[in-house]
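New to this one? Here's a quick briefing to help you find your way around.

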Amino acid sequence: MPVAEATQALVRLARPVAPVGVSLAEALGAVAARDVVVGTGLPAHRTALRDGWAASAAEIVGASPYAPVRVARAPAWVEAGAPLPAGTDALLAPDALGDDPLWIETEVAAGEGTRAPGAEFPPGPPLVTAGERIGPLQGLALAEAGFAELDVRRPRLRILAAAPDTLSPVLAAWIAAAGGTADIAMRPAPAEHLAAALLAPGADAVLVLGGTGPGRRDGSAAALVQAGRLDAHGIALRPGESAGFGEAAGRPVLLLPGRPDAALAAWLALGRPLLAALAGAAPEPAAILPLTRKVSSVIGLTDVVFLRRVAAGAEPIGGAEIPLHRLARAEAALLVPPAHEGYPAGTPVEVLPL
């Protein structure tokens, strides 16, 4: 099955998970379920951006050491973040006052050193939109705006991995970085036992690592047939040709090859779109980088080429059957469409950060 067709079919099996309310700290990295809007502009009053003396700019226009201006009331000292006293709209520097605080020798522009009411968080525009992944800076803004809890969608994925297993922690880390959670369990060897594991509750989707090839002990596809439905087994993807997917217990099941490069390629092509669909995530902006070397591909297959980011762009380091000492250097990947024979050096291409 072509990768584009497989991705569409797999995503159709997914429905955005139900929103859950979590603390702001727990929401970081998750996908927002709803727009988050400030109802009333903040701050409510003009506040100081730094320490200084609160003054009315209109009262000290033209003030200078040669022409000091006398004010009716001495300026009040204000700490950074505090509201300005009524009748003031600017801050004088800490050293602006002389021996007599009623005589001002420095003028200041209206609003200088202050934040106007409603300027920090204007009402109306959302701080976070539904489908947006909540990053640390959004978390900072939300905390400053007074939000303690948020509704997010955090898909739960179960990884069934055979022993010995070194790949599932990598997948679990990627899932967590994309806003989901993952629990790792051992993949039972007999097909009937694996079929039972596919039906176990407590996950929104299941990933099966290994057992997808034509070997005598490769029973992942057979187990999925027993547990539910196998929609595809064999994807026009290199590496990752033996990947497959289907449905069991009303949820998507993705079969990933056991070889690291093939498993990671199948996760990039199929797993990431599945996780985004479960989280209700909005499409993320593409990262475009120029290739530093030519990339060759086979017509009819989606080739996954692993890349290393360098100053000049993206350096191809290998694709199918890449050894682990080179795969360990990968920082991004390129999916070459099946209609392309590759790209010459210097071509700007869309890359997937790892």
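The notes below cover a pair of helices, a small sheet and a hairpin with its neighbours. Keep in mind that this is a predicted model.

**Helix 4 and helix 7**

- Start with helix 4 (residues 168-177) and helix 7 (residues 260-279), whose axes cross at roughly 30° and come within 12 Å of each other.
- The crossing of helix 4 past helix 7 is right-handed.
- On the helix 4 side, the residues in touch are V170, L171, W174 and I175, and they meet L264, W267 and L275 of helix 7.
- What kinds of residues make up this contact of helix 4 with helix 7? The split is 7 nonpolar, no polar and no charged.
- For a bit of background, residues three or four places apart in an α-helix point the same way, because there are 3.6 residues a turn.

**More on helix 7**

- Helix 7 isn't straight: look for a kink of about 45° centred on L268.
- Why is helix 7 described as largely enclosed by the rest of the structure? Because 16 of its 20 residues are buried.
- Just after helix 7 comes G280, and its phi is positive, near 65°.

**The open sheet**

- Next up is an open sheet of 3 strands, in the order 1-12-2, with antiparallel pairing.
- Strand 1 (20-23) and strand 2 (31-32) are the edge strands, so to speak: each of them pairs on one side only.
- Strand 2 links to strand 12 (residues 149-153) through 2 bridges, in the antiparallel sense.
- If you want a spot to zoom in on, A32 sits opposite V152 of strand 12.

**Strand 18 and its partners**

- Is strand 18 (residues 244-248) buried or exposed? Buried: that goes for 5 of its 5 residues, so the strand is largely enclosed by the rest of the structure.
- Side chains in a regular strand alternate between the two faces of the sheet.
- In strand 18, G244, G246 and A248 point one way while F245 and E247 point the other way, and all are buried.
- Strand 16 (residues 228-233) runs antiparallel to strand 18, joined to it by 5 bridges; here G228 stands opposite A248.
- Strand 19 (residues 251-256) also pairs with strand 18 in the antiparallel sense, over 5 bridges, and V253 is the bridge partner of G246.
- Strands 18 and 19 form a hairpin with 2 residues between them, and A249 in the turn has a positive phi of about 55°.

Key: Residues are numbered from 1 along each chain as its sequence is written. This is a predicted model: local features need pLDDT of at least 70, side-chain atom pairs count only at pLDDT 80 or more; totals for chains, interfaces and linings use all residues. Side-chain values use heavy atoms; hydrogens and water are left out. Axes are lines fitted to C-alpha atoms, for helices over the stretch in contact, and angles run from 0 to 180 degrees between N-to-C directions. Helices (H or I, at least four residues) and strands (E, at least two) are DSSP runs, numbered from the N terminus. A crossing is left-handed if the near helix is turned anticlockwise from the far one by less than a right angle, and right-handed if clockwise. Contact means heavy atoms within 4.5 Å. Ala, Val, Leu, Ile, Met, Phe, Trp, Tyr, Cys and Pro count as nonpolar, Asp, Glu, Lys and Arg as charged, and the others, Gly among them, as polar. The bend at a residue is the angle between axes fitted to the seven residues ending there and the seven starting there. Buried means under 20% relative accessible area, exposed over 50%, partly exposed in between (1.4 Å probe, protein chains only). Two strands pair if DSSP finds at least two bridges between them.
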